[in-house]
Structure formats: structure tokens, C-alpha cells
Amino acid sequence: MSPYTAITFAPVQGFIEKSRKLRDLYGSSFILSYLAESLCQAALKHLNDPQAVVSPFLLNTVQGTPNLVLIRGDFPKSEARRAFYTAWKTILTECRLWIETKLPESQYGWRYFWRKDWDQWGNYTWEFFYAQGDSIPAAKQHLATAKRSRAWTAINWMGESSTLSGTDAIAWYGLGQQANNGKRISPKERSISDEQRQIREFYQHLSQFLPNLIDPNEQLSIPELVKRVIMFPQVAERIPGLVPPRTFTDLSRGAETAWKGWFMGDGDRAGAYLGKQDEAGIRQFSQIMREWGKTLIDQEQDYLPQGRFIYAGGDDFMGVFYPITSPLTAQDCLHWFYSFRSRIWQQETKPITSSVGFVWASPNVPQRDVLQHCREAEQSAKQHGRDRLALRILFSGGNSLEWVCPWWFLEDVMEGYRDRNGDLGSAKNPKWTHIYNDVAILESRHAFAGNQTDVALALFEVYFGKENRATLEQHRWDTPDKTGILGNRVEDCKDAVSAMNDWIINLAKVGFHLSGDRKTTETLPQLTPVS
């Protein structure tokens with residue numbers, strides 16, 4: 001029997017989460033997709049079988065290719081490894097040569113010493129994992145075992161660190177410069193002031209060729225620099241099989257200074273579902289998800305007019321809302337999620353549900369922290385029962401507020417709010433300060449304490465009506481036709497009373513910050529955000 005081959009690589013999430021700006025995030029996603037696509041194409045060529053790749057389903061696009069590759073047949077490890085590292089080193093080489101061509105030594109009066117450092121990143125950026133089995137489950141199980149044994153090699157360097165990550169050396173022509181004895185120049189022999197001046201000049205010149213991708217005051221490491229340069233079409237088209245990515249000038253400076261909404265999600269129990277499928281079922285699922293992701297990217301302006309999809313590959317997806325042609329509010333993002341399940345996820349075409357984490361983030365929060373909160377919010381949505389959205393407010397100090405709700409109840413609750421004046425729905429702009437004030441006062445008086453939910457439910461009825469209260473009480477836990485509002489089963493909840501109270505309290509706090517009333521926070525009782 002012909003074996004199945006499973007391949008992946010790491011660190012995928014680390015490579016993405018080291019991104020500090022939208023430009024880095026988009027570039028890193030594009031690189032990851034290209035590396036996975038290169039493995040698929042190499043397998044097709046080696047096995048000479050158009051059906052050799054079981055998953056991911058191959059489309060006429062690189063973007064959105066998942067990093068777990070399943071192959072029917074004996075695709076040797078040496079061939080797979082060679083294809084993967086050739087693709088990565090080609091990216092590095094073409095980016096480096098393009099820079100050296102645009103900024104030639106003869107014209108600028110400097111000399112490039114950085115080749116060895118680029119070669120080191122070519123060899124030590126990734127860990128490569130490979131396994132085979134006589135069935136797809138066996139191959140995947142062996143791959144999981146292989147991933148537990150890791151051998152990481154760090155890259156040593158001397159010099160100043162990147163202004164983005166602060167952990168890797170700045171990429172510039174003097175990186176790796178050697179003294180007459182063949183050894184690297186020690187810190188005592190270096191002129192720090194001269195070196196800093198030369199680095200500034202280098203990036204000022206480089207930014208002139210990449211005005212929307214690199215700022216003159218930035219100083220990037222080699223991986224960070226590659227994430228930017230690869231997005232320039234003239235560089236991308238130099239790499240075999242790589243379709244130049246779309247460039248977005250709105251991914252640059254203006255988008256970095258406003259409140260933004262980030263979302264990250266994936267399919268629920270996709271692994272368990274696929275574990276029950278045969279090869280044909282896995283192929284069909286992969287095709288559905290790849291075509292779905294391609295549609296989102298191709299028709300992005302229709303599906304996400306105020307933002308961008310960073311990636312949509314397999315059952316994983318990520319995007320960001322930010323002002324493009326008009327100001328962006330948290331309400332704009334919230335309204336988009338009302339139709340997520342029916343319009344974006346299109347559950348009728350997929351055999352699984354989806355959980356999403358949404359973060360409304362202050363512009364003062366570093367992007368790395370925002371991405372971490374996105375991942376945590378997504379996991380929170382799953383831990384609360386799946387098939388739902390976790391809404392998280394992320395403040396500049398790093399504190400956060402969170403509320404989790406099933407998709408089917410989201411709009412009913414948020415649009416069903418009415419303030420003390422009787423204003424109902426977002427069209428009349430009800431004042432969420434009213435419920436926010438009440439919660440603050442009741443918390444200060446310990447009104448929610450004890451083994452009771454009467455106070456919280458009465459408050460919920462005042463602001464959301466009897467019908468929504470009845471729905472909340474009836475559908476706390478899963479039923480055959482509804483996802484539980486608080487979770488799947490009461491048996492899985494440590495304290496059902498606290499879960500109900502917290503759900504209502506967090507709704508009041510998060511709803512207040514999403515409503516736009518936060519500008520009046522100074523006049524309200526002080527609340528301590530849940531971190």
C-alpha cells in the first residue's frame with residue numbers, strides 16, 4: 001500500500017505574531033502560504049500524480065495555503081526538505097539582491113558585509129517536520145509525535161537590535177563586518193555613533209524605493225525586512241511560481257494611529273471532523289475551505305469594505321477593521337458580525353461551526369500584544385462552548401474587558417438594548433452609560449454576591465426586555481436546536497450562578513465601550529477592567 005506523507009513547519013504563529021505593523025503581518029502571511037505551496041508543487045512533480053496532494057486543495061493562488069500538507073504517496077523527506085528550504089532561500093536571496101542592486105556599493109560608497117547573516121537566516125529560521133503512515137490518521141499522528149522533539153538553533157549576532165522586535169540585529173550593509181584578522185569587530189572597536197549614522201542613512205535611501213512599505217526612521221532585522229520587500233511586486237515577480245501580492249497603501253502609516261478591530265477565528269472541532277473522514281472527504285472539505293478563502297480575498301471590498309483580510313486559509317482566518325475611506329467605529333465592526341455566520345462563514349456550505357475572537361484595540365497597544373489577545377479571545381470563544389463570538393476591549397495600559405455570546409443571540413441582545421429614556425436600537429443611539437452606571441453601583445454594594453442571579457436578571461430585563469430575559473433563561477445551555485448562551489453543559493461549568501452574573505455584568509461593560517459612550521468615562525464610577 002502506498003504510504004501517506006504529512007509535512008509541516010514551525011514557528012508559524014511565532015512568525016506571524018512577531019509582526020509589529022500591518023505591513024509585516026500581511027507579508028508574513030504571504031510568505032507562509034508560499035512555503036506551503038512550494039511543498040505541494042514539489043510533491044506533484046516528484047510523484048507525477050495530479051491527485052498526489054490530498055490537502056490543501058490547490059487553487060490558482062498562493063495566498064491562503066495552509067501549512068499542514070497531506071500527500072498520498074511516498075514523497076521522500078530529502079526531496080520535501082530540499083523544496084522547502086529552496087523556496088525560503090530563494091525569497092531571501094532575491095530580496096537581498098534587489099536591495100544590493102537598488103543601493104549599489106559603487107554609487108553609495110559602502111560595502112555589503114551582510115551575506116553570511118542572510119545565509120544563517122536561510123538555514124535556521126524554520127523547523128521542518130515530516131512523517132509517514134499507512135493511513136492519513138497514522139501519518140498525522142506520527143507528525144504530531146515528531147513535533148514534540150524540537151531542536152532549535154538560535155542565531156548569534158553583534159550590533160544594534162531592530163527597532164521593531166528588539167531581539168534581532170538590524171539588517172544593513174555593515175552587518176557582519178569583519179576586522180583585518182578575519183573576526184567580527186568587537187564592541188570595543190566599533191564606533192557606535194558612526195554605525196548609527198550609517199544605519200539611518202541606509203534606511204533613508206531604502207525607504208525611497210519602498211515608500212509605502214518602509215519608513216525612513218525604521219531599522220529592521222533580516223526577517224522583518226523580507227516581510228516588507230516581498231510585498232513589492234518587482235521583487236515578488238522575480239521568484240518562480242510566485243504571483244506578486246496586491247499592495248495596499250492604506251496598510252501603511254495612517255492605519256497605525258487609529259482604534260482598530262482585529263478578529264481571528266477558525267472552525268470548531270475541525271480536526272475531530274476530519275478524523276472521521278476518508279481521503280475523499282478530506283479533499284472535499286479542503287476544497288470548500290480554500291475556495292471560501294479565495295472568495296473572501298478576491299471580493300474583499302464587498303465582504304470587508306472597512307479593512308483587510310490578512311489571511312483565510314483552511315478553516316483559519318484573520319482580518320482587521322480600520323478606517324479606509326471614512327472613520328471607523330466599534331459599532332461598524334459589531335454590525336459586520338451580525339451577519340458573519342450567514343454571509344461570511346456561510347455555514348450551510350460547511351459541516352462545522354466557527355468561533356471568533358474580536359479585539360477592539362487602542363492604537364497605543366503594540367501589535368504583538370493585540371495579536372496575542374486575538375488568539376486568547378478566540379480560545380475563550382471555544383472554551384465557552386464554541387459557535388460564538390468573544391468580544392474583547394483592549395486598553396492602552398494592557399487591561400481588557402470581555403464578553404462572549406453565541407452568534408444566534410448576538411444581534412438580539414446588542415440591538416435590543418433600551419436605555420432609561422426608552423431609546424431602543426442603535427438607530428436611536430441608546431445611552432449605555434445607564435446600565436454601565438447601574439452595574440458599577442450594584443457591584444460596589446455587592447448586590448451580585450451570594451448564590452443568586454435575581455439581581456442580574458432583573459437588571460437585564462430592565463434594559464433588554466422580558467423576551468430577551470426569557471430567551472437567556474431558557475437557553476443557558478445547549479439544546480438540540482440552540483447553542484447554549486453560557487456554554488455547552490451545566491456540568492462543564494464550575495459555577496453556573498457566577499457564569500450568569502458575569503455574563504450580564506460583562507455585557508454591560510463591553511457594550512458601553514462598543515457603543516461610543518466611552519468618551520464620558522470620566523464622569524462614571526471607576527470600574528476595574530478584568531485583565
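A residue is called buried here when its relative accessible area is under 20%, and exposed when that area is over 50%. With this cut-off in hand, the reader may turn to the structure, which is a predicted model.

Helix α11, residues 279-298, is a suitable starting point. The helix has 20 residues and reaches 28 Å from its first C-alpha to its last, close to the 28 Å expected at 1.5 Å a residue. Buried residues occur along α11, and among them are Glu279, Arg283 and Arg290. The buried residues of this helix also include Ile282, Phe285, Ser286, Met289, Trp292, Gly293, Leu296 and Ile297. An α-helix has 3.6 residues a turn, so residues three or four places apart point the same way.

Helix α11 also leads to the largest pocket, since the largest share of the lining of that pocket, 5 residues, comes from α11. About 1,200 Å³ of space lies in this pocket. Its lining has 46 residues, and Pro66, Asn67, Leu68, Asp315 and Asp316 lie nearest the centre. By type, the lining residues divide into 20 nonpolar, 14 polar and 12 charged.

The second largest pocket holds about 580 Å³ of space. It is lined by 28 residues, of which His384, Val404, Leu486, Ala499 and Asp502 lie nearest its centre. The elements that give two or more residues to this lining are α15, β10 (400-406) and α19 (496-515). Of these, α19 gives the most, with 7 residues. The lining of the second largest pocket comprises 10 nonpolar, 9 polar and 9 charged residues.

Helix α15 (367-383) also borders a loop that deserves attention, for Arg386 is placed between this helix and β9 (388-394). Phi of Arg386 is near 70°, a positive value in a residue other than glycine. Asp387 lies in the loop between α15 and β9, and its phi, near 55°, is likewise positive. Arg386 has a relative accessible area of 24% and therefore counts as partly exposed. Asp387, at 6%, falls under the 20% cut-off and is therefore buried.

The backbone offers two further details, both at proline residues. The peptide bond from Ala10 to Pro11 is cis, with omega near 5°, and Pro11 occupies the loop between β1 (4-10) and α1 (12-17). A cis bond also joins Ser55 to Pro56, again with omega near 5°; Pro56 is found in the loop between β2 (53-55) and β3 (69-72). Such features stand out because most residues other than glycine have a negative phi, and most peptide bonds are trans.

Key:
Residues are numbered from 1 along each chain as its sequence is written. This is a predicted model: local features need pLDDT of at least 70, side-chain atom pairs count only at pLDDT 80 or more; totals for chains, interfaces and linings use all residues. Side-chain values use heavy atoms; hydrogens and water are left out. Helices (H or I, at least four residues) and strands (E, at least two) are DSSP runs, numbered from the N terminus. Buried means under 20% relative accessible area, exposed over 50%, partly exposed in between (1.4 Å probe, protein chains only). The expected span of a helix is 1.5 Å times one less than its number of residues. On a 1 Å grid over the protein atoms alone, a cavity is a set of points where a 1.4 Å probe fits but cannot get out, and a pocket is an open set with protein on both sides within 12 Å along at least five of seven lines; lining residues have an atom within 4 Å of a point. Grid points are joined across faces, edges and corners, and a volume is the space filled by probe spheres set on the points. Ala, Val, Leu, Ile, Met, Phe, Trp, Tyr, Cys and Pro count as nonpolar, Asp, Glu, Lys and Arg as charged, and the others, Gly among them, as polar.
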